[in-house]
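Trainee: Could you show me how to read a protein model, one feature at a time?
Mentor: Gladly; let us open it together.

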Amino acid sequence: MKNIQGDNIMKTGEFIYARTNAALLNELLGTDYTSWRKSYYDTEDNRIWMIHLDNQPRNNWRNYESGDTIVEENLDRRDTSGVRTDIRPDAERIVFAKENGFFVFKGIYKYDKERSRCDGVRYWLKVSDEF
């Protein structure tokens, strides 16, 4: 496994046994968080994204995989172009899928501006199977 500071290489499909977002961040970054409720954590150059990819609605969003693409869908179907400024389309996302008591590294993804729509459907394309 590799932490963000840069030790070993982590490859798509590898597991990290951590029950919470905080536990995953502590494992990756060497931090000592007791709680982290957000589904993302920003570093200087990228974003660690800790999500369910099971196509189930959560907090008015649904995330799922379609080949080498992650689809992030706003279930409200409202114009989010001016509402959500935290997308950081320039930053790569290091994606970890939440499973039952562990996280699975899915890869590194970049925002697909061409396919994403302002009604809240965003596409993220895989650019790497390891980090």
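Mentor: Let us begin with a charge and a ring: Arg93 lies over the face of Trp49, 4.3 Å from the ring centre. Please keep in mind that this is a predicted model.

Trainee: What else sits over a ring, and at what distance from its centre?

Mentor: The charged end of Arg47 does, over the ring of Tyr40 and 3.8 Å from the centre. As for rings with rings, the count comes to 11 aromatic pairs. One aromatic cluster is made up of Phe15, Tyr17 and Phe102.

Trainee: Let me step back to the fold. How many helices and strands does the chain have?

Mentor: One helix and eight strands. If you follow the sequence, the pattern is β-α-β-β-β-β-β-β-β. Contacts add to that picture: among those between residues at least 6 apart in sequence, 52% join residues at least 24 apart.

Trainee: And what share of the chain is buried?

Mentor: Of the 131 residues, 40% are buried. Here is the general idea: in soluble globular proteins, nonpolar side chains tend to be buried together. In this model, the largest nonpolar core has 16 residues, and the members that touch the most others are Leu24, Leu28, Ile48, Phe96 and Phe131.

Trainee: Which elements give two or more residues to this core?

Mentor: Helix H1 (21-29) and the strands E3 (46-51), E6 (92-98) and E7 (103-111). H1 gives the largest share, four residues.

Trainee: Suppose I click on Phe96. Which residues is it in contact with, beyond its neighbours within four places in sequence?

Mentor: Phe96 is in contact with Met10, Ile16, Leu24, Leu28, Ile48, Trp49, Met50, Ile51, Phe103, Val104, Phe105 and Phe131. Apart from the largest core lies another, of 10 residues, among them Tyr40, Ile51, Ile70 and Ala97.

Trainee: Now for empty space. How do I look for that?

Mentor: The general idea is that rolling a probe the size of a water molecule over the atoms shows where empty space is left. Here, the largest pocket has a volume of about 510 Å³. Its lining comprises 24 residues, and Ser39, Ile51, Asn59, Trp61 and Asn63 lie nearest the centre.

Trainee: Which elements give two or more residues to that lining?

Mentor: E3, strand E4 (61-66) and E6 do. E3 gives the most, with four residues.

Trainee: Asn63 was on your list of residues nearest the pocket centre. Is Asn63 buried or exposed?

Mentor: Asn63, which is found in strand E4, has a relative accessible area of 12%, so it counts as buried, the cut-off for that being under 20%. Not counting residues up to four places away in sequence, Asn63 touches Trp49, Ile51, His52, Leu53, Asp54, Asn55, Val71, Glu72 and Glu73.

Trainee: Let me try a loop residue. Where is Trp36 found?

Mentor: Trp36 is in the loop between H1 and strand E2 (40-42). Its relative accessibility is 24%, so Trp36 counts as partly exposed.

Trainee: What does Trp36 contact beyond its neighbours within four places in sequence?

Mentor: Asn21, Ala22, Leu25, Tyr41 and Met50. You can also compare sequence and space: Trp36 and Ala23 are 13 residues apart along the chain, and their C-alpha atoms are separated by 8.6 Å.

Key. Residues numbered from 1 in each chain as written. Predicted model: local features only at pLDDT ≥ 70, side-chain atom pairs only at ≥ 80, totals over all residues. Heavy atoms only, no water. Core = buried A, V, L, I, M, F, W, Y, C linked by side-chain atoms within 4.5 Å. Buried < 20%, exposed > 50% of the residue type's maximum accessible area, 1.4 Å probe, protein only. Contact = heavy atoms within 4.5 Å. Phe/Tyr/Trp six-rings, centres within 6.5 Å; stacked < 30°, edge-to-face > 60°. Lys NZ or Arg CZ within 6 Å of the ring centre and 35° of its normal. 1 Å grid on protein atoms, 1.4 Å probe; cavity = no way out; pocket = protein on both sides within 12 Å on 5 of 7 lines; lining within 4 Å. Points joined across faces, edges and corners; volume = space filled by probe spheres on them.
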